[in-house]
Amino acid sequence: MRTIWPAGGAVEIIDQTRLPFELSIRRLETPEKVAEAIAAMRVRGAPLIGAAAAYGLALAARCDPSRPALEKAAALLFATRPTAVNLGWALERMMAALLSAREEERALLGFRLAGEIAEEDVAINRAIGAHGLALFEKAFAEKGRPVEILTHCNAGWLATVDWGTALAPVYRAFDVGIKVHVWVGETRPRNQGASLTAWELARHGVPFTLLVDSAAGPLMREGRVDFAIVGTDRTTAEGEVANKIGTYMMALAARDSGVPFYVALPSPSIDWALAKGASIPIECRDAREVTHIEGWSEDGRRLRLRLSPEESPAFNPAFDVTPARLVTALITERGLCAASREGLAGLFPEHAASAREEAAGTF
Ligand code: MRU
């Protein structure tokens with residue numbers, strides 16, 4: 001099953017806010033509905049945000065293919081979530097193609113292009129899976145016991161169109177008979193690990209254990225993790241990695257414990273215009289995600305419960321930046337490389353010249 005697909009002039013998605021309790025499909029007919037779905041995290045994960053935005057523009061081109069209408073839709077979609085660079089990447093690619101076509105061609109072209117972006121994402125993640133698989137194969141052969149993998153947030157197929165990024169090598173390994181066991185950090189405050197990664201792994205039959213985020217450090221310290229592997233929402237041209245809040249602490253603990261820390265990186269998640277991680281825009285979300293917790297009661301009702309005193313202020317940055325020096329290697333669709341300007345430019349020489357410090361683009 002995929003996370004997004006065209007359906008009779010509209011787009012359908014898995015509504016991830018309903019998981020793990022209900023597999024609910026939602027139909028989106030307008031760019032406004034796509035923007036709402038991204039902002040409300042019905043679709044989330046950097047690659048899927050990019051694919052959803054592309055379909056949002058395809059829907060815009062179907063409703064009104066004029067330049068002002070497309071620009072308005074692109075601005076609306078771009079404003080939904082600031083950190084995943086895939087959003088601006090997909091919108092720029094769609095806008096360049098749509099605006100260079102005649103108005104009467106744009107509706108058809110939009111869906112074709114969005115479909116291409118979605119298919120490319122699947123192919124990229126499949127290739128990341130193949131490159132990462134070699135790491136687990138070697139470890140399994142050497143250790144002769146299940147490979148212990150720690151991950152954070154959800155970088156599985158739900159975060160992409162299919163396969164996932166960090167989990168793609170896990171699925172590949174499992175499918176070819178390599179024994180793996182995944183430690184899944186719950187990922188406060190929105191708990192994508194507990195709700196989405198656990199759901200995915202359980203459906204696939206991959207053995208896993210859920211843990212609170214702060215248990216990851218001691219677990220690595222005790223030698224119970226062979227690999228830490230995460231995804232990214234934006235990696236700079238110098239290999240600095242923005243990912244879900246908590247990733248930096250995991251990378252620090254991994255370094256201190258001698259655990260290799262890998263980042264699965266599809267090339268549309270690379271921001272070639274930025275060098276320093278400090279330039280990455282970090283999304284700050286509603287304080288109520290920290291002061292409250294959401295879940296489902298045993299009788300099937302969705303509940304939001306307060307955790308802190310009413311007057312508690314709360315700070316809720318959704319992402320952090322891990323410096324390149326803490327990253328063992330980046331796993332891209334073209335293979336592994338060092339988290340550095342040289343490493344990335346070696347795999348993607350066509351972008352090396354554009355890797356300069358710039359402000360993030362806006363519509
Ligand atoms: O806030 P989210 O759930 O969209 O954050 C998702 C992540 O942090 C993932 O690790 C990231 O997008 C890479 S996923 C393939």
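**Figure 1. Gln 16 and its surroundings in the predicted model.** In this predicted model, Gln 16 touches Thr 3, Met 41, Arg 42, Val 43, Arg 44, Leu 48, Leu 158 and Leu 196, leaving out residues up to four places away in sequence. To find Gln 16, look in the loop that lies between strand E2 (10–14) and strand E3 (25–28). Is Gln 16 buried or exposed? Gln 16 counts as buried, because its relative accessibility is 4% and the cut-off for buried is under 20%. As a distance to check for yourself, the C-alpha atoms of Gln 16 and Ala 168 are 19 Å apart in space, with their positions 152 residues apart in sequence.

**Figure 2. Thr 160 in the loop between E4 and H6.** Here we turn to Thr 160, which is placed in the loop between E4 and helix H6 (168–175). With a relative accessibility of 1%, Thr 160 counts as buried. Which residues is Thr 160 in contact with, once neighbours within four places in sequence are left aside? They are Thr 3, Pro 47, Leu 48, Asp 121, Asn 125 and Thr 165. Two of these names may look familiar: Thr 3 and Leu 48 are among the contacts of Thr 160, and Thr 3 and Leu 48 are also among the residues that Gln 16 touches.

**Figure 3. The buried side of helix H6.** Buried residues in H6 are Ala 168, Pro 169, Val 170, Tyr 171 and Ala 173. What do the buried residues of H6 pack against? Their partners are H5, E4, E5, H7 and E7. Follow the chain just past H6 and you come to Gly 177, where phi is positive, at about 95°.

**Figure 4. The seven-stranded sheet and two helices packed with it.** Seven strands make an open sheet with mixed pairing, in the order E6-E5-E4-E7-E10-E15-E16. Strand E6 (208–211) and strand E16 (335–337) are the edge strands; each has a single partner strand, so one side of each has no neighbour in the sheet. From one strand to the next, the twist averages 25°. Within the sheet, strand E10 (residues 261–264) pairs with strand E15 (residues 329–332) in the parallel sense, over three bridges. A handy landmark for this pair is Tyr 262, whose bridge partner in E15 is Ala 329. Helix H9 (residues 247–257) packs on the sheet, where H9 touches E4, strand E7 (227–230) and E10, and the direction of H9 makes about 145° with that of E10. Helix H7 (residues 192–204) lies across strand E4 (147–151), strand E5 (180–185) and E6, and H7 runs at about 165° to E5.

**Figure 5. Strands E8, E9 and E14.** Strand E8 (residues 234–236) pairs with strand E9 (residues 241–244) over two bridges, in the antiparallel sense. Arg 234 has Ala 242 of E9 as its bridge partner. There are four residues between the strands in the hairpin of E8 and E9, and Gly 239 takes a positive phi near 85° in this hairpin. How many bridges join E9 to strand E14 (residues 319–322)? Four bridges join E9 to E14, and the two strands run antiparallel. Ala 242 appears here too, with Val 321 as its bridge partner in E14.

**Figure 6. Helices H4 and H5 where they cross.** The axes of helix H4 (residues 85–99) and helix H5 (residues 106–143) come within 10 Å and cross at roughly 145°. The crossing of H4 past H5 is right-handed. On the H4 side, the contact is made by Trp 89, Ala 90, Arg 93, Met 94, Ala 97, Leu 98 and Leu 99; on the H5 side, by Arg 106, Leu 109, Gly 110, Leu 113, Ala 114, Glu 116, Ile 117 and Glu 120. Sorted by class, the contact of H4 with H5 has 10 nonpolar, one polar and four charged residues.

**Figure 7. Ser 66 between H2 and H3.** Ser 66 lies in the loop between helix H2 (46–63) and helix H3 (67–78). Ser 66 counts as buried because its relative accessibility is 16% and buried means under 20%. Neighbours within four places in sequence aside, Ser 66 is in contact with Glu 103 and Arg 106. Arg 106 is also one of the H5 residues in the contact with H4. From C-alpha to C-alpha, Ser 66 and Ala 101 are 11 Å apart in space and 35 residues apart in sequence.

**Figure 8. Confidence along the chain.** The protein has a mean pLDDT of 96, and 97% of its residues reach 70 or more. Where is the pLDDT below 50? This is the case over residues 357–363, a stretch with 17 contacts in the model beyond near neighbours in sequence.

How values were computed. Residues numbered from 1 in each chain as written. Predicted model: local features only at pLDDT ≥ 70, side-chain atom pairs only at ≥ 80, totals over all residues. Heavy atoms only, no water. Axes fitted to C-alpha atoms, helices over the stretch in contact; angles between N-to-C directions. Left-handed = near helix turned anticlockwise from the far one by under 90°. Contact = heavy atoms within 4.5 Å. Nonpolar A, V, L, I, M, F, W, Y, C, P; charged D, E, K, R; others polar. Buried < 20%, exposed > 50% of the residue type's maximum accessible area, 1.4 Å probe, protein only. pLDDT = per-residue confidence, 0-100. Pairing = 2+ DSSP bridges.
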